[in-house]
Amino acid sequence: MKPSLLLLTFLLFLASCNTNQAPAPEEDVNSFSFAFLTDIHLTDERHAPEGFQQAIDTLNQLPVDFVLTGGDLIMDALDQSLGRADTLYQLYKKMASGISVPVHHTVGNHEVYGWHRDEEGIESLPEFGKGLFEKELGPRYHSFDHKGWHFMILDGLSRRDDGHYVGLIDAEQEQWIRDELARTPKETPLVVVSHIPFITVQTQLTRGSLVPNSETLVLSNGTEILRLMAGHNLKLVLQGHLHFLEDLYLNNQVHFITGGAVCGLWWENQPGASPEEGFVRINVKGEEIDWEYVDYGWTPPSAP
């Protein structure tokens, strides 16, 4: 056999072998991971930038599609001057720009500017209340879709007559939720995010079985909002505010995860304190989830 004919025969043999190989498995389009970072409380004190940078460095090593924040991103704007509040926002934005995936923000009580200040004319400022948050980080509530799941980011903060915040979904937003649900197929898996929790066992665990939750700890109309979602495929509710880690898995369908705190105990943890500084990583496969709390290993420099 001539060399050229021998080479052609060999190449045809290889081609036939390749066509008999099993195709590579396709990527499961319904599988993904994301991170939930709540209660960062970033400040230029307490070595907080060092700690937050370590959290970001750890996060950027994880295969996540995006990040949800759970509010309380800065240490405080409620009772600060506009200049101080803006300084904290700019510090947060600069550091958060180092996160390598898209970030969806939730407003917390510490992002609200000026509610606790008694200054003439302050309420006329466009930054007052949640105006500064919306100016710097986006809408106070919004939604998006990802790989067949629908995410709803809520603003769970309202203001009492005395100026202090309470956990409450306002009427405007309640109507928005109704409209969102009306245009979302009932079988679509839902994720809801609120800084102020819908439900928690923290109060009963730490203060006594019969102690009620206060209006600053949970959404006072949380039950009514959840009832709007009856008949929909609610799978996950992500909560912050409490610096507490819990997973309440109800009726074999809905996880209510309160996500600990990136800052731990306001950046002043001692070794072994609870909660450790960390964040939640959530893995989705089909319509099922599992999760882990990522302790990113930071210890306050002042700790022994």
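How buried or exposed is Gln173, in terms of relative accessible area? Here is a friendly note that starts from that residue and then moves through the strands and the aromatic rings. Please keep in mind that the model is predicted.

1. Gln173 and its surroundings. Gln173 is buried, with a relative accessible area of 0%. The residue belongs to helix α5. If you set aside the neighbours within four places in sequence, Gln173 is in contact with Arg140, Tyr141, Leu154 and Asp155.

2. The helix that carries Gln173. Helix α5 covers residues 171-182 and packs on a sheet, where it touches β4, β5 (149-153) and β8. The direction of α5 makes about 175 degrees with that of β5.

3. The sheet under that helix. The sheet is open and is formed by 6 strands, in the order β4-β5-β8-β9-β11-β10, with mixed pairing. Its edge strands are β4 and β10 (245-250), each of which pairs on one side only. From one strand to the next, the twist averages 15 degrees.

4. A parallel pair within the sheet. Strand β8 (residues 189-194) pairs with strand β9 (residues 233-239) in the parallel sense, over 6 bridges. If you would like a place to look, take Val192: its bridge partner in β9 is Val237.

5. Strand β1 and its partners. Strand β1 (residues 31-37) is mostly covered, with 6 of its 7 residues buried. With β12, the pairing of β1 is antiparallel and runs over 6 bridges; Ser31 has Lys285 as its bridge partner in β12. With β2, the pairing of β1 is parallel, over 3 bridges, and here Ala35 has Val67 as its bridge partner. Together, β1, α2 and β2 make a right-handed β-α-β unit.

6. Aromatic pairs, with Phe66 and Phe144 as one example. What describes a pair of aromatic rings? The distance of the centres and the angle of the planes do. With ring centres required to lie within 6.5 Å, the count comes to 11 aromatic pairs. One of them joins Phe66 and Phe144, at 5.4 Å centre to centre and with 90 degrees between the planes, so this pair is edge-to-face, since planes over 60 degrees apart count that way. Phe66 sits in the loop between α2 (48-59) and β2 (67-69), while Phe144 sits in strand β4 (residues 142-146), so the pair ties together parts that are 78 residues apart in sequence. Both rings belong to buried residues: the relative accessible area is 3% for Phe66 and 13% for Phe144.

7. A tryptophan pair. Trp267 and Trp298 also form an edge-to-face pair, with 5.2 Å centre to centre and 90 degrees between the planes. Trp267 lies in the loop between β11 (254-259) and β12 (278-285), and Trp298 lies in the segment after β13 (288-295), so parts that are 31 residues apart in sequence are tied together by this pair. Trp267 and Trp298 are both buried.

8. The aromatic cluster. Which residues join Phe66 and Phe144 in one aromatic cluster? They are Phe32, Phe34, Trp149 and Phe151. This may be a handy set to display alongside strand β1, whose residues are 31-37, and β5, which spans 149-153.

Definitions and conventions: Residues are numbered from 1 along each chain as its sequence is written. This is a predicted model: local features need pLDDT of at least 70, side-chain atom pairs count only at pLDDT 80 or more; totals for chains, interfaces and linings use all residues. Side-chain values use heavy atoms; hydrogens and water are left out. Rings of Phe, Tyr and Trp (its six-membered ring) pair if their centres lie within 6.5 Å; planes under 30 degrees apart count as stacked, over 60 as edge-to-face and the rest as tilted. Helices (H or I, at least four residues) and strands (E, at least two) are DSSP runs, numbered from the N terminus. Buried means under 20% relative accessible area, exposed over 50%, partly exposed in between (1.4 Å probe, protein chains only). Two strands pair if DSSP finds at least two bridges between them. A crossover is right-handed if, with the strands pointing away from the viewer, the path from the first strand over the helix to the second runs clockwise. Axes are lines fitted to C-alpha atoms, for helices over the stretch in contact, and angles run from 0 to 180 degrees between N-to-C directions. Contact means heavy atoms within 4.5 Å.
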